[in-house]
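Q: Could you take a close look at one part of this protein for me, and then show me how the rest is arranged? I work at the bench, so please name the residues as you go.

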Amino acid sequence: MKNKSLIFLGVFCLSIFSCTDGFDEMNTDPNNPTNISPQYLLPFAIERSVDRYWGGNARFERLNIDGAMLWVQQLSRNIYSNEGDNYGITPTFYNNTWKSFYTDGLVNFQRIIEQSKADGNLPNTNYEGIALVMRSWTFSLLTDLYGPIPYKEAIKGSAAEPVYNPTFDNMDVVYSGLLADLKEANEKLKVGGPAVSGDILYNGDIMKWKKFANSLRVRLANRQAAKKAAETKAVLAEILGNPSTYPIFTSNDDNAVLKNTDSRPSNNEFNEVMIVGGRTDWNLSKTVVDKLLALKDTRLAVFGTPVKGVYEGIPNGLPDAIATTYLSSAATLGNYFTKASAPSVLMTYSELQLDLAEAAIDGDITGSADEYFKKGINASFTQFGATIPADYFTTVGAVSKEKILDQKWIALFGQGVEAWTEYRRTGYPIMPAKDPRAVFENNGIIPTRLPYPTTEYSLNKTKLDAGISLIGKDDMQVKLWWSEK
């Protein structure tokens with residue numbers, strides 16, 4: 001990965017110069033170029049977007065470990081329950097998540113697209129395709145987090161006809177656009193085509209980018225299946241029926257993973273918070289520990305570190321005075337996740353197979369739901385370096401939609417945002433009754449979305465109000481478009 005500070009300086013300069021198109025050649029310093037090429041923009045935008053998705057490291061805005069992983073009961077807090085574990089968050093949490101995905105990620109992916117398209121100043125169809133995949137991934141996160149978002153008119157502040165107050169598009173509109181964009185990205189990406197540099201995700205392997213584009217398209221199609229059945233079936237049939245044209249992940253080697261390093265600032269965000277920063281505020285949730293113990297699931301040894309050989313989790317939402325009593329006995333997050341070089345995962349072969357298992361059991365594709373189910377589980381064990389017990393599938397039992405989603409929740413351990421999205425969409429896994437000692441905000445309801453940032457209220461209120469009208473109100477209890485329950 002690239003040095004964040006140097007690249008940020010370059011992007012900051014680009015932001016300044018983008019507003020000075022009135023300067024003529026006499027006012028242009030050849031030693032300070034006003035355009036930064038894709039090879040520098042790409043690693044910055046990928047790293048900043050993935051780090052934000054993986055959680056960030058600033059207190060009060062850690063999306064993963066102070067939000068999604070707590071809400072889906074993968075982790076729990078042993079102190080400061082009001083920082084996410086009791087469903088309370090601060091404006092900084094949802095303000096800076098929005099800001100970072102738009103300004104650090106989307107703006108720069110769009111700059112790469114503009115530079116790399118056929119009539120751009122640096123034509124390169126592979127840069128264009130890569131940026132289109134990452135732009136789609138980032139937009140999908142935003143709409144899954146907030147609901148309606150600026151999409152069609154977004155990131156056009158420096159366009160020939162600038163849009164400073166973009167309209168909020170409903171989720172179904174965003175999803176349709178993303179599915180079309182990912183199909184276009186697959187077409188733009190040319191194996192054997194122009195070379196790319198600065199690709200910190202796949203190191204210039206264009207076939208893997210094509211697989212990621214189409215696998216992500218499967219994920220999004222599956223998520224909208226309950227609302228757009230015919231469109232979903234058509235998309236899945238097109239992809240699965242033409243593997244040479246629309247390749248998808250075929251093994252863990254294809255996983256979309258940001259490989260972090262042992263050196264700061266390119267270490268894993270969990271490492272930065274828990275090891276470098278010395279924060280010990282988190283333990284495994286009782287929910288995930290109890291589930292994996294009941295299944296005799298060996299992935300538990302990867303997810304957590306036991307105390308005196310015993311795995312115990314902390315119930316979510318406990319007040320600090322009670323939660324701290326677990327400090328000497330509760331399992332902590334495993335080294336697999338906290339070491340500096342721990343990977344930041346965007347999407348895996350395991351998730352893809354479980355998506356297909358769900359699609360098969362729902363009747364959206366042909367094929368064996370059981371076969372996809374077992375492939376997904378096996379891939380997850382392999383991904384985490386765990387040995388699957390010989391009788392594991394007997395313990396799990398016959399495939400069902402609930403069991404597919406249970407296994408997806410386990411396979412997505414660490415990817416709290418995706419696990420939270422699947423829970424909000426399907427209602428699975430079924431969470432245990434709340435501990436009677438727990439105290440929750442949000443009327444005790446697991447958050448269903450993030451509130452809109454305060455900046456939208458002050459700078460784009462008319463369009464924001466229209467966006468809010470699409471979902472009813474701006475709170476953390478409104479169900480989003482793809483919700484099945």
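**A proline in a loop, and the protein beyond**

A: Pro 265 sits in the loop that runs between β4 (256-258) and α9 (269-276). What makes this proline a good place to start is the bond leading into it: the peptide bond from Arg 264 to Pro 265 is cis, with omega near 5°. Please keep in mind that you are looking at a predicted model.

There is another cis bond to visit. Tyr 428 and Pro 429 are joined by a cis peptide bond, and omega there is about 0°. Pro 429 also belongs to a loop, the one between α18 (416-426) and α19 (454-459).

Stay in that loop for a moment, since the stretch between α18 and α19 also holds Asn 442. The phi angle of Asn 442 is near 60°, which is positive although the residue is not a glycine. Asn 442 has a relative accessibility of 16%, so it counts as buried, the cut-off being under 20%. Phe 60, in the loop between α2 and α3 (64-71), is a further case: phi is near 75° there, again a positive value in a residue other than glycine. Phe 60, however, is partly exposed, at 38% relative accessibility.

From Phe 60 we can step back into helix α2 (residues 38-54), where you will find Tyr 53. Tyr 53 is buried, with a relative accessible area of 1%. What does Tyr 53 touch, once residues up to four places away in sequence are set aside? The list includes Leu 63, Asn 64 and Phe 101, then Trp 137 and Leu 141, and further along the chain Val 345, Leu 346, Gln 415, Val 417 and Glu 418. To give you a sense of distance, Tyr 53 and Asn 252 are 199 residues apart in sequence, and their C-alpha atoms are 21 Å apart in space.

Gln 415, one of the residues touched by Tyr 53, is also in contact with Glu 351. Glu 351 is placed in helix α14 (residues 349-361). With a relative accessible area of 1%, Glu 351 is buried. Leaving aside neighbours within four places in sequence, the residues in contact with Glu 351 are Arg 219, Arg 223, Leu 412 and Gln 415.

Arg 223 brings us to a salt bridge, with its side chain meeting that of Asp 144 at 2.9 Å, N to O. This pair ties together distant parts of the chain: Asp 144 is in helix α5 (residues 125-146) and Arg 223 is in helix α7 (residues 206-223), 79 residues apart. Are these two partners buried or exposed? Asp 144 counts as buried at 3% relative accessibility, and Arg 223 counts as buried at 1%.

For a contrast, look at Glu 371 and Lys 375, whose side chains meet in a salt bridge of 3.5 Å, N to O. These two residues are 4 positions apart in helix α15 (residues 369-383), so about one helical turn separates them. Glu 371 is partly exposed at 44% relative accessibility, and Lys 375 is partly exposed too, at 36%.

One more bridge joins Glu 484 and Lys 401, at 3.2 Å, N to O. Here too the pair links distant parts of the chain, with Glu 484 in the segment after α20 (461-469) and Lys 401 in helix α17 (residues 401-411), 83 residues apart. Glu 484 counts as partly exposed, at 29% relative accessibility. The salt bridges come to 40 in total. As for charges overall, the protein has 49 positive and 55 negative side chains, and the centres of the two sets lie 4 Å apart.

Finally, let's zoom out to the whole protein. Its secondary structure comes to 20 helices and 8 strands. The radius of gyration is 22 Å, close to the 23 Å that the globule rule gives for 485 residues, so the protein is as compact as a globular protein of that length. Along the principal axes, the C-alpha atoms fill a box of roughly 70 × 50 × 45 Å. Of the 485 residues, 57% are buried. Among contacts with a separation of 6 or more, 75% are between residues 24 or more positions apart. On the outside, the protein exposes about 19000 Å², with carbon and sulfur atoms supplying 54% of it.

Conventions
Residues numbered from 1 in each chain as written. Predicted model: local features only at pLDDT ≥ 70, side-chain atom pairs only at ≥ 80, totals over all residues. Heavy atoms only, no water. Rg over C-alpha atoms; globule rule 2.2 N^0.38 Å. Buried < 20%, exposed > 50% of the residue type's maximum accessible area, 1.4 Å probe, protein only. Contact = heavy atoms within 4.5 Å. Areas by Shrake-Rupley, 256 points an atom, 1.4 Å probe, with all protein chains shown as cover. Lys, Arg positive; Asp, Glu negative; His and termini not counted. Charge placed at Lys NZ, Arg CZ, Asp CG, Glu CD. Salt bridge = Lys/Arg side-chain N within 4 Å of Asp/Glu carboxyl O.
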